[in-house]
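This briefing is meant to be read with the sequence and the 3D view side by side. It begins with one residue and its surroundings, and then turns to a pair of helices and to the chain as a whole.

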Amino acid sequence: MNAPRKLAAILAADVAGYSRLTGIDEEGTLKRLRKLRRELINPAVSLHRGRIVKTTGDGILIEFPSVVDAARCALDVQRGMDGRNADVQTEQRIELRPVVNPPAPY
């Protein structure tokens, strides 16, 4: 039996220096990450037709129907991060590292 196949682009992102940030202020870092997810990441994922597949302490995997949607989401999140980090000291900034994998049938 052959299951129907579809293409999916995957956006993977993690926080640069996560261990260092939690070492400085674990509770504050986790609180800021939850706020980022709620106010920036989740809305961008929804806007660009994504679906969060998995989260880890500092990482996230998101499925999109196209590379364009994944790239636009990543750009929106990065632009949002720039604004949020503007007044934060360099050593305490949360900086996401996104990677978009091209569509692969599954």
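Thr-29 lies in helix α1, and the model in which it is seen here is a predicted one. The points below follow Thr-29 outwards, beginning with how much of this residue is accessible.

**Thr-29 and its surroundings**

- Thr-29 counts as buried because its relative accessibility is 3%, and the cut-off for that word is under 20%.
- When the neighbours within four places in sequence are left aside, the residues in contact with Thr-29 are Leu-21, Thr-22 and Ile-94.
- A polar atom of the Thr-29 side chain lies 3.1 Å from the backbone oxygen of Leu-21, so that Leu-21 appears both in the list of contacts and in this polar pair, which fits the cut-off of within 3.5 Å.
- The backbone oxygen of Asp-25 also has a polar atom of the Thr-29 side chain at a distance of 2.7 Å.
- Although Thr-29 and Gln-92 stand 63 residues apart along the chain, their C-alpha atoms are separated by 8.7 Å.

**How helix α1 meets helix α2**

- Helix α1 covers residues 18–47 and helix α2 covers residues 67–85, and their axes come within 9 Å and cross at roughly 155°.
- That angle makes α1 roughly antiparallel to α2, because angles over 145 degrees are counted in this way.
- The crossing of the two helices, α1 and α2, is right-handed.
- On the α1 side, the residues that meet α2 are Leu-36, Glu-39, Leu-40, Ile-41, Ala-44, Val-45 and Leu-47, while on the α2 side they are Cys-73, Asp-76, Val-77, Gly-80, Met-81 and Arg-84.
- Sorted by character, the residues of this contact of α1 with α2 comprise nine nonpolar, one polar and three charged.

**The chain as a whole**

- The protein chain has two helices and four strands as its secondary structure, and along the sequence these elements follow the pattern β-α-β-β-α-β.
- Of the 106 residues in the protein chain, 30% are buried, and Thr-29 is one of the buried residues.
- If one takes the contacts in the protein chain between residues at least 6 apart in sequence, 69% of them join residues that are at least 24 apart.
- The C-alpha trace of the protein chain spans about 55 × 25 × 20 Å along its principal axes.

Conventions. Residues numbered from 1 in each chain as written. Predicted model: local features only at pLDDT ≥ 70, side-chain atom pairs only at ≥ 80, totals over all residues. Heavy atoms only, no water. Axes fitted to C-alpha atoms, helices over the stretch in contact; angles between N-to-C directions. Parallel < 35°, antiparallel > 145°, perpendicular 65-115°, else oblique. Left-handed = near helix turned anticlockwise from the far one by under 90°. Contact = heavy atoms within 4.5 Å. Nonpolar A, V, L, I, M, F, W, Y, C, P; charged D, E, K, R; others polar. Buried < 20%, exposed > 50% of the residue type's maximum accessible area, 1.4 Å probe, protein only. Polar contact = N/O pair within 3.5 Å; in protein donor to acceptor, adjacent residues only side chain to side chain.
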